[in-house]
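Colleague: Got a minute to go through the charged pairs in this one with me? Pull it up and we'll start.

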Amino acid sequence: MTFFTLISSVCKTNGPLGMITGDISDWQISSSSTYPSEWDSGCHEKYARLYLPNKLGWCAKYKSASEWLQIDLGVAARVTGVMTQGRGDGAEWVTKFQVSYSMDAYHWNYITDNYGNQWTFEGNVDSFSVKHNYLDRPIIARYIKFHTSSWNRHPSMRVEIMGCQLCKEQLGLPPYGRITASTSRKFQKGSSCQPEDGHILSSKAWCSKKQNDTQWLQIDVGPPTLITGIITKGRGDTQKKHWVQRFRIAYSNDTRVWYSYKDAHHLDPKSRWLWSPSLNTTSSHLIPDKYSENGLLFGGNSDKDTPRTHFLNSPFVARYVRFQPVEWKGKISMRAGLLGCPFTGEVTFGFKKK
């Protein structure tokens, strides 16, 4: 059973997918353009969430039918409908729109009617009420894009996506996951630096004894598991600035044959940035991903406590996952976690070289 078959056959619930709850982070929301904040501070993409206070919403910079708002769900979902709302200012809302969808943000399809024609959805009639549009045929997608076609005064909107999503649960946590490492520093009073301190919920971290690019931290999740995302943090139990800035991922089912993760679709690294609204920072300050013959170089952390999440464009099946630091601040130290779900099917899925 492949990931897509799993979603189609098992995913039967129907609820909001994260815009309202905040499970979709600000960095997962993008657009064709945004009205400048110096002209109107309530128009940022991060305000494109249903039920936010009035006068907040995404507002396109231009009054144009070519404007769009894009939501990255992180992991593919079975999408059954969309909800829209105006800005809540009594004047601005979208009256008609189209929806396109994608798995990789490169290849897009529009939602169509039974004759294959691009479907135009009825939008809002005021800036306060919520309009719910059901899909005649559910779609499987990671990216959803709202295309504004007509509006009242200005194309401004708040949105939510309805459906069912699997495989975003945290994996390999104690006491079930087993964490090992290439080397680790000896126990010191107040900070152990052992491999088992390297899980994402730890207040400490794994610290490598050696400082070179052959070191690794390995998570054994048990039975072969579908991995859809990874999370990293720096070392949390010291005032010293120790964290990993770039790393590779390798995976295996037996620890004998290893595969380097190579992304199938070279997306804008922005799609992998995670930042905290509580910090005085933006995604442009984070370290971008790079591509190399030896596998994707993931951008790591920029401080010791802020989590960095990467959703994988090419989910893979594995029992063992290794984080291989390539660049670091201070000394090699990290906390790591995995996102995904149990996998049912032949374990050969995902093990071919990309």
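Modeller: Sure. A salt bridge here is a side-chain nitrogen of Lys or Arg within 4 Å of a carboxyl oxygen of Asp or Glu. Keep in mind that this is a predicted model.

Colleague: How far apart are N and O in the salt bridge of Asp26 and Arg49?

Modeller: The cut-off for a salt bridge is 4 Å. The side chains of Asp26 and Arg49 meet that, with N to O at 2.8 Å.

Colleague: How many residues apart in sequence are the parts that this pair ties together?

Modeller: Asp26 sits in the loop between strand 1 and strand 2, while Arg49 is in the loop between strand 2 and strand 3. So the pair ties together parts whose separation in sequence is 23 residues.

Colleague: Is Arg49 buried or exposed?

Modeller: Buried means under 20% relative accessible area. Its partner Asp26, at 21%, counts as partly exposed. Arg49 has 9% relative accessibility, so it counts as buried.

Colleague: Which residue forms a salt bridge with Lys96?

Modeller: The closest N and O atoms of that pair are 2.6 Å apart, and the partner is Glu122. The pair links distant parts of the chain, with Lys96 in strand 5 and its partner in strand 7. Lys96 is partly exposed at 32%, and the partner is partly exposed at 43%. The residue you're after is Glu122.

Colleague: What is the relative accessible area of Arg235?

Modeller: Arg235 meets Asp237 in a salt bridge, at 2.7 Å from N to O. Asp237 is partly exposed at 22%. Arg235 is buried, with a relative accessible area of 5%.

Methods:
Residues numbered from 1 in each chain as written. Predicted model: local features only at pLDDT ≥ 70, side-chain atom pairs only at ≥ 80, totals over all residues. Heavy atoms only, no water. Helix = DSSP H or I, 4+ residues; strand = E, 2+ residues; numbered from the N terminus. Buried < 20%, exposed > 50% of the residue type's maximum accessible area, 1.4 Å probe, protein only.
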